[in-house]
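This report looks at how two chains meet and at which charged side chains pair within them. Please keep the sequence and the model at hand while reading.

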There are 2 protein chains.
Amino acid sequence: MREAARRAGVSHNAPYRHFADREALLATLAAQGFEMLGQAMRGQTGRGMGEAYVRFALQYPQRFRLMFGGQIRLEKYPRLRAAAASAFDQLQAAFSAYGGDVRSAAAAAWSLVHGLCHLILDGHFAQRDEDFVKRVLAVVRFAVGPQRSL
Amino acid sequence: MREAARRAGVSHNAPYRHFADREALLATLAAQGFEMLGQAMRGQTGRGMGEAYVRFALQYPQRFRLMFGGQIRLEKYPRLRAAAASAFDQLQAAFSAYGGDVRSAAAAAWSLVHGLCHLILDGHFAQRDEDFVKRVLAVVRFAVGPQRSL
DNA sequence: GTGGTATGTTGACATCGTCTACATTAGAGG
DNA sequence: CCTCTAATGTAGACGATGTCAACATACCAC
């Protein structure tokens, strides 16, 4: 909080006129992040959405960590939960054209790109260039229908 | 640090006799977590390893967050990096029997289960029971060979 | 002009991670 | 047994932080 005030050039307590507490400030920043993420995925389809997701995480790593670092309790900030759900809905919509267990397929796709972001940011992979991301994403198939494949 | 000392029933500075600083303490706990994770996956194969991974995360959520929360810089703790790599190696070994881009396939599998853990822990999914996990993992196929499928 | 609301400031408090200095304990070597 | 040393613990302090209460200022509606 004090650091935020410092950067804004105001006294150390000014932020409390705009945010209830530290967590509320962070929740606002996280919600903004989810809107940015949704914006980044807008218009993309299929694998392009996944790549946009990863690109966002690599471009704004701190923001991504804030959004998904588990430091902010979703239950406490309905606006935050809504922003996150809105982003996820875009991903799920990309799967709705296919039959089968759409919800599970979308969850799997989200998990895949999400985990990839985390592991790259944590430095668990030797490579982190866009080619590596494309190659990893290219490896998976989603069996949405009884026989279908995406 | 002070809380740790409190729980151990010693003075607030005693922990500094055993750990250089807060980050070193957390790094030790994280490394221990990676060993636990490796233990949990030992003996499992294929999807069973993924399920074990998720089970571990759901059983020890705080530990999992510590291990992958990005608060500890891997570069600074070689032992930690080694413990993490060792766990990942198990996963990768499960793919080595198949041809194709083994490294990418293993990375994708790790990303999938890892992202699933994070999203479940963050409360982004309505369900979090073992059935849901099984269903999500069942949806994906890994195209390891030119024509092969796992 | 007056009252109220939004915004900012000052000062204080408890807590935290960390440093320095000092005390205690335990074991090894004479 | 005595002494020296290393390991371990303690006390006190410092700066930084999140937060609260009290007070000040600016602006807008009536």
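A salt bridge is counted here when a side-chain nitrogen of Lys or Arg lies within 4 Å of a carboxyl oxygen of Asp or Glu. The model is a predicted one, in which local features need pLDDT of at least 70 and side-chain atom pairs count only at pLDDT 80 or more, whereas totals for chains, interfaces and linings use all residues. Residues are numbered from 1 along each chain as its sequence is written, chains are lettered from A and ligands numbered from 1 in the order in which they are written, and side-chain values use heavy atoms, with hydrogens and water left out.

Over all chains the rule gives 16 salt bridges, and three of the pairs are set out below.

| Pair | Closest N to O | Separation in sequence |
|---|---|---|
| Glu51(A) and Lys134(A) | 3.5 Å | 83 residues |
| Glu130(A) and Arg55(A) | 3.7 Å | 75 residues |
| Glu23(B) and Arg73(B) | 2.7 Å | 50 residues |

In chain B, Glu23(B) belongs to helix α2 (residues 22-41), while Arg73(B) sits in the loop between α4 (61-68) and α5 (78-93); helices are DSSP runs of H or I with at least four residues, strands are runs of E with at least two, and both are numbered from the N terminus. Glu23(B) is buried, at a relative accessible area of 15%, whereas Arg73(B) is partly exposed at 42%; buried means under 20%, exposed over 50% and partly exposed in between, with a 1.4 Å probe and protein chains only. In chain A, salt bridges that share partners join Glu51(A), Arg55(A), Glu130(A) and Lys134(A) into one network.

Turning to the interface, 35 residues of chain A are in contact with 35 residues of chain B, contact being heavy atoms within 4.5 Å. The two chains bury about 2,900 Å² between them, 66% of it on carbon and sulfur atoms, where buried area is the accessible area (1.4 Å probe) that two parts lose on being put together, summed over both. Ser111(A), His124(A) and Val139(A) supply 19% of the area that chain A buries against chain B, more than any other three residues. How many salt bridges cross this interface? The rule finds zero between chain A and chain B.

Strand β1(A) pairs with strand β1 (residues 140-142) of chain B in the antiparallel sense over three bridges, pairing requiring at least two DSSP bridges between the strands. Within this arrangement, Val140(A) stands opposite Phe142(B).
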